[in-house]
Amino acid sequence: MFKLLCQPFEMGNMTLKNRMVMPPMVVSYATADGYTTKRNIAYYEARAKGGVGLIIQEATFVHPLGRILGNEQGISDDSFIPGLNKLTQAVHRHGAKVAVQIIHGGRAAYLPEGVQPLGPSPIAAPGKAIPKELTLAEIAEIVQYFVDAAVRAKQAGYDGIEIHAAITI
Ligand SMILES: Cc1cc2nc3c(=O)[nH]c(=O)nc-3n(C[C@H](O)[C@H](O)[C@H](O)COP(=O)(O)O)c2cc1C
């Protein structure tokens, strides 16, 4: 049953050393501003050392007002790249690949007091304020945040990105 589990796997233009994938799971080890920490890097390095072929790093915000949690990892401007680069290098040292999941919290975002969330319709997420209904131009702006985050991910040494497109909470 597990015959293929430890065999290499071709995914797009990368080769995974095996078929074990760690899904994105937020650990909130970043600073309050979203910068990676030694603890965060050590956490992912330990998983890579454990032998997983691909790590998908936890939900990482593309805009500071698109966080979903406190101490969430960010990739919303270039100042995040050096820290994330240390993280990808730590994972690569053990032969694992690493992708980053990029997210905008939308209507369910974790926001400072008084800041209205954003959403495609003015329908509140459970326990959250009614979101501002986005215009098409504003949606295009958010799409651009994802594009910019993907470019930064490449600069930081990630092997891929995963788009988190389903905030339901
Ligand atoms: C503590 C915790 C944090 C999680 N964080 C994320 C996340 O950042 N992004 C995401 O898409 N899913 C997240 N998930 C969902 C897991 O990725 C999901 O549980 C995993 O894919 C396994 O799927 P299963 O629960 O259906 O077995 C999280 C789950 C847990 C338990």
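A polar contact is a pair of N or O atoms within 3.5 Å. Keep that cut-off in mind as we look at the ligand in this predicted model.

## Around the ligand

Let us begin with proline 24. One of its backbone N or O atoms lies 2.8 Å from an oxygen atom of the ligand, so this pair falls within the 3.5 Å limit for a polar contact. Alanine 59 also takes part through its backbone: a polar atom there is 3.2 Å from a ligand oxygen. Glutamine 101 uses its side chain instead, with a polar atom 2.7 Å from a nitrogen atom of the ligand. How much of the ligand does the protein bury? Taken alone, the ligand exposes 610 Å², and the protein buries 38% of that.

Here are the three pairs side by side.

| Residue | Part of the residue | Ligand atom | Distance |
|---|---|---|---|
| Proline 24 | backbone N or O | oxygen | 2.8 Å |
| Alanine 59 | polar backbone atom | oxygen | 3.2 Å |
| Glutamine 101 | polar side-chain atom | nitrogen | 2.7 Å |

Which residues make up the surroundings of the ligand? They are Pro23, Pro24, Met25, Val26, Ala59, Gln101 and His164. Sorted by character, this shell holds five nonpolar residues, two polar ones and no charged ones.

## A closer look at glutamine 101

Glutamine 101 deserves a visit of its own. You can find this residue in strand β6. Is glutamine 101 buried or exposed? Its relative accessible area is 7%, and because buried means under 20%, glutamine 101 counts as buried.

Besides its link to the ligand, the side chain of glutamine 101 has partners within the protein. One of its polar atoms lies 3.4 Å from the backbone nitrogen of alanine 59, a residue that also belongs to the ligand's surroundings. A polar contact of 2.8 Å joins the side chain of glutamine 101 to that of glutamate 162. Leaving out residues up to four places away in sequence, glutamine 101 touches Pro24, Ile56, Gln57, Glu58, Ala59, Thr60, Glu162 and His164.

Proline 23 is another residue around the ligand, and its place is in the loop between β3 and α1. With a relative accessible area of 40%, proline 23 is partly exposed. Proline 23 and alanine 99 are 76 residues apart in sequence, but their C-alpha atoms are 9.9 Å apart in space.

## Helix α2 and its neighbours

Now turn to helix α2, which covers residues 81-92. This helix has twelve residues, and the distance from its first C-alpha to its last is 16 Å, close to the 16 Å expected at 1.5 Å a residue.

Which residues of α2 are buried? Look for Ile81, Leu84, Leu87, Thr88, Ala90 and Val91. An α-helix has 3.6 residues a turn, so residues three or four places apart point the same way. The buried residues of α2 pack against α1, β4, β5, β6 and α3.

Glycine 83 also sits in α2. Its C-alpha is 5.7 Å from that of threonine 36, although the two are 47 residues apart in sequence. Not counting residues up to four places away, glycine 83 touches Thr36 and Ile41.

## Two residues with positive phi

Most residues other than glycine have a negative phi. Against that background, serine 28 is worth finding: its phi is near 55°, a positive value. Serine 28 lies in the loop between β3 and α1 and, at 27% relative accessibility, counts as partly exposed.

Asparagine 71 likewise has a positive phi, near 55°. Its loop runs between β4 and β5. At 33% relative accessibility, asparagine 71 is partly exposed.

## Two more places to visit

Leucine 5 lies in the segment before β1. This residue is partly exposed, at 30% relative accessibility. Setting aside neighbours within four places in sequence, leucine 5 is in contact with Asn18, Arg19 and Met20. How far is leucine 5 from valine 100? Their C-alpha atoms are separated by 22 Å, and their positions lie 95 residues apart along the chain when counted as sequence separation.

Finally, proline 112 is found in the loop between β6 and β7. Proline 112 counts as partly exposed, at 46% relative accessibility. Proline 112 and leucine 65 are 47 residues apart in sequence, with their C-alpha atoms 8.5 Å apart in space.

Methods
Residues numbered from 1 in each chain as written. Predicted model: local features only at pLDDT ≥ 70, side-chain atom pairs only at ≥ 80, totals over all residues. Heavy atoms only, no water. Near = heavy atom within 4 Å. Polar contact = N/O pair within 3.5 Å; in protein donor to acceptor, adjacent residues only side chain to side chain. Areas by Shrake-Rupley, 256 points an atom, 1.4 Å probe, with all protein chains shown as cover. Nonpolar A, V, L, I, M, F, W, Y, C, P; charged D, E, K, R; others polar. Helix = DSSP H or I, 4+ residues; strand = E, 2+ residues; numbered from the N terminus. Expected span 1.5 Å × (residues − 1). Buried < 20%, exposed > 50% of the residue type's maximum accessible area, 1.4 Å probe, protein only. Contact = heavy atoms within 4.5 Å.
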